[in-house]
Amino acid sequence: MTEEYQMVIVGVGGQGILTISDIIAIAARKKGLHILGSEVHGMAQKGGSVITNLKIGKKLHSPTIPEGSAKVLVGIEENETLRFIKYLEPRGIAITSTTVLNPVSWKKNKKAAIEAQEKIDKNLAKFKAKIIKIDSEALAHEAGLSLAQNIVLLGALSQVEGFPLSDEELKEALKERVPKKYIEPNLKAFELGKNAIVNSN
Amino acid sequence: MGNIADLIENKEKRVLCLGNEAIARGAIEAGVQVFAAYPGTPSSEISGALIAAAAELDFYAEWSTNEKVAMEIAYAASITGIRSMTALKHVGLNVAADAFYSFMYMGCKGGFVTVVGDDPHCFSSQNEQDSRWLGVSANFIILEPSSPQEAKDFVKHAFDISEKFEAPILLRSTTRISHARADVQYYEYESGFKEGDLEKTTRFKCLPAIARANHPKLLEKMERVKEWIHESGFSVVEDDNEAEYGIITSGISYSYVKDALKSLKKTIPILKLGMVSPLDEKSILEFAQNKKNIIFIEEVDPYLEDRISALFIQNSLYPRIHGKCNGITKRYHELNSRIVAEGLIKAFGGELLSLSEIQKAVEETKDFTPFRPPLFCAGCQHRAAFYELSKVVRKRDGIFSSDIGCYSLDPWVTDTIVCMGASIGMANGFARVIKDKPIFALIGDSTFFHTGLPALANAVYHKANFNLLILDNRMTAMTGFQPNPTEDIPIEDVVKGLGVNYIVEFDPYDFENGKKTIEDALEHEGPTVIIMRKICANEWWRRTRRKGEKIEVFHTDSEVCIACGTCIVQYQCPAISWSLDTNSKDKNYTVIDPAMCTGCSVCSQICPTGAISKVE
């Protein structure tokens with residue numbers, strides 16, 4: 001791998017962003033790689049926009065990732081992907097859920113919400129990144145755990161070219177991180193996300 | 001990851017942890033015996049970790065009622081010869097300031113360490129205060145780590161230095177250290193509780209004659225520290241091979257400098273200061289003496305820049321100064337490696353990858369990414385309480401003085417939010433000048449015990465006419481559901497004891513009754529107290545799920561819903577959204593996410609058509 005692999009994970013507070021960043025960190029550590037990340041706690045967590053930075057590599061210094069420098073973005077909510085896609089390096093990769101959680105201002109205005117949704121592909125395309133869309137809501141449901149949309153996207157991430165951790169390494173870490181009784185549906189969610197990429201290639 | 005087993009295992013190993021957990025481990029490795037703290041982002045996880053560890057290991061730790069009390073507990077332990085620590089956020093340091101300004105004159109015995117979490121960018125705070133100023137003005141020895149690993153190692157050093165010089169230590173972290181996640185090297189430690197004893201001496205009495213004698217002694221001690229740091233290893237010089245430029249930095253800013261230089265493909269001499277007060281004058285002057293330009297990189301205030309610029313003048317050294325003074329970096333918000341690189345380009349040139357394409361796309365799409373502010377959680381009892389309140393407050397054009405906690409998120413009625421306890425203090429003031437409108441103060445249980453009590457005593461004593469609303473959600477929710485005295489001390493007994501005559505209580509989920517209770521209270525001369533009591537919905541939801549119990553959720557009948565928006569637009573429950581079923585653009589209705597609904601029932605009570613009901 002390159003000296004330093006930078007990624008961002010984005011979504012809305014409560015979607016399990018910290019959980020997948022933990023799993024990636026555990027897997028990286030097991031592989032003898034260093035990890036440096038930065039997370040948001042406290043007030044911003046409560047249903048607000050959340051971005052977590054993660055660096056994997058050998059010699060790491062600053063914990064945050066400036067705009068235009070992440071290799072990959074994982075977005076658990078589509079509008080948040082649009083908000084934070086500027087953190088991707090030119091022609092980076094965005095794996096995004098198609099899930100939409102409307103911000104309050106759009107709850108007041110259904111027209112704006114529909115318009116934003118209709119234009120989302122066009123808007124994302126303006127950033128000239130490679131966009132991979134996953135219906136994580138349907139796949140999490142299929143796995144039998146509606147809260148596992150984050151894990152679906154983690155499965156998809158495992159198939160991204162150049163990502164320094166394999167699907168097996170991530171699954172081992174997942175088993176350590178999630179509560180025992182939820183391991184099975186989470187592994188299923190992971191596989192469904194992974195296959196969504198494999199099948200689309 | 002928040003894993004108590006990792007935190008306490010007495011073994012040398014590498015562990016993936018939060019910066020704050022690393023700091024807690026540092027305290028355990030240093031043999032901390034007494035720890036006390038009040039929670040506050042970004043410092044809370046240090047205390048959470050140590051309080052959990054204390055239950056397993058042989059030392060004492062507690063959540064105290066406020067930062068001043070916590071620091072006094074730790075200081076008392078220290079002067080009996082015991083290693084002690086407190087952790088607080090930057091504004092918490094202000095609360096404790098009355099105590100520590102005098103601690104300095106007396107000095108300590110057992111290592112005494114205060115960890116402060118500054119919050120550049122106000123991620124979870126009311127200001128961007130730079131604690132180094134408060135620290136230096138009080139004569140703290142201040143350490144500033146640049147990574148989670150250093151944070152842990154510095155805690156151990158801090159205890160040693162504190163004992164060597166009998167001096168209190170301030171360890172300054174920032175959000176990006178405290179909430180960084182990294183793999184950190186842990187070491188073995190010795191454990192076992194020791195008892196302390198207090199020496200009979202005049203030293204610990206801050207009386208005028210004694211303080212007058214202690215002040216010069218304190219300053220002389222700081223001079224000794226200054227001599228010692230030169231050899232301490234806290235000042236690190238890197239790549240000192242050119243005479244044109246040199247960078248002086250500390251803390252997290254050092255990490256930004258390293259990455260910025262990498263992206264600029266430049267090697268420039270760096271002086272990294274691990275101790276930022278007293279300053280390592282020898283190392284600084286040695287580093288600067290042959291350089292034409294000195295660049296200061298630090299977050300928020302020009303602390304190093306101002307102090308070291310003065311040092312240069314005092315020593316007839318005149319390098320060109322770059323920093324906040326000429327706009328290399330700003331005096332507000334946090335830095336990152338790109339901002340620092342752009343600043344360094346202003347000083348010595350260089351090139352970065354252009355972001356113009358990305359910035360253009362951001363400009364073109366920004367209207368489609370509306371602000372998503374943090375909100376009350378689904379089912380939050382505060383939302384219910386505020387919705388009831390808003391009906392009364394708005395009708396009467398009331399003045400609303402709020403406080404620090406989850407309830408600061410109120411979107412409806414709040415006029416002022418300042419600092420812990422200010423809701424009641426300021427209501428005392430409003431009551432003196434506003435006579436024709438009802439005045440409300442609102443405070444949570446934890447904040448009430450923190451600094452609300454003296455202000456309420458003042459109101460009773462001076463008969464200030466306002467209505468105090470106490471939101472008792474049974475814990476300190478905002479900072480991570482910490483316990484506080486409301487568990488054991490009934491708030492109604494406290495306010496009764498303080499002499500409040502009119503005290504009522506209601507369940508905020510009971511909407512009509514809540515509204516009426518508030519209306520009734522307004523008929524009475526203040527201060528009145530209205531207690532709105534309900535356990536934090538978020539914590540209740542978690543506990544219920546953990547027990548494996550079913551949560552009875554609600555749903556909307558799409559045929560009955562008239563899309564009036566009461567539940568979505570007005571009540572703003574995040575579990576409710578518009579149906580985005582584009583096939584039925586004509587028929588609009590709301591849907592409730594069963595994964596988020598906590599079954600609080602308030603939406604069903606306020607729905608004008610009765611479209612919302614329990615899922616059978």
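These exercises work through chain B of a predicted model and its contact with chain A.

In this predicted model, local features need pLDDT of at least 70, side-chain atom pairs count only at pLDDT 80 or more, and totals for chains, interfaces and linings use all residues. Residues are numbered from 1 along each chain as its sequence is written, while chains are lettered from A and ligands numbered from 1 in the order in which they are written.

**Exercise 1. Find how the radius of gyration of chain B agrees with that of a compact globule.**

Step 1. The radius is taken over C-alpha atoms, and the globule rule is 2.2 Å times the number of residues to the power 0.38.
Step 2. For 616 residues a compact globule would have a radius near 25 Å, and the 27 Å of chain B agrees with this.
Step 3. The C-alpha trace of chain B spans about 80 × 70 × 55 Å along its principal axes.

**Exercise 2. State whether helix 16 of chain B is largely enclosed or not, and what it packs against.**

Step 1. Helices (H or I, at least four residues) and strands (E, at least two) are DSSP runs, numbered from the N terminus. Chain B has 22 helices and 23 strands.
Step 2. A residue is buried if 20 or more other C-beta atoms, placed from the backbone, lie within 10 Å of its own. Helix 16 covers residues 422–433, and 9 of its 12 residues are buried, so the rest of the structure largely encloses it.
Step 3. Among the buried residues are Ile424(B), Met426(B) and Phe430(B).
Step 4. Two residues are in contact if their C-beta atoms, placed from the backbone, lie within 7 Å. The buried residues of helix 16 of chain B pack against strand 15 (399–401), strand 16 (439–444), helix 17 (445–461) and strand 17 (467–472) of chain B.

**Exercise 3. Describe the side of chain B that touches chain A.**

Step 1. The contact takes 48 residues from chain B and 52 residues from chain A. Helix 14 of chain B gives the largest share of the chain B side, 6 residues.
Step 2. By class, this side has 25 nonpolar, 14 polar and 9 charged residues. Ala, Val, Leu, Ile, Met, Phe, Trp, Tyr, Cys and Pro count as nonpolar, Asp, Glu, Lys and Arg as charged, and the others, Gly among them, as polar.
Step 3. Two strands pair if DSSP finds at least two bridges between them. Strand 2 (residues 34–38) of chain A and strand 8 of chain B run antiparallel, joined by 3 bridges. Leu36(A) has Ala182(B) as its bridge partner in strand 8 of chain B.

Conventions
The expected span of a helix is 1.5 Å times one less than its number of residues.
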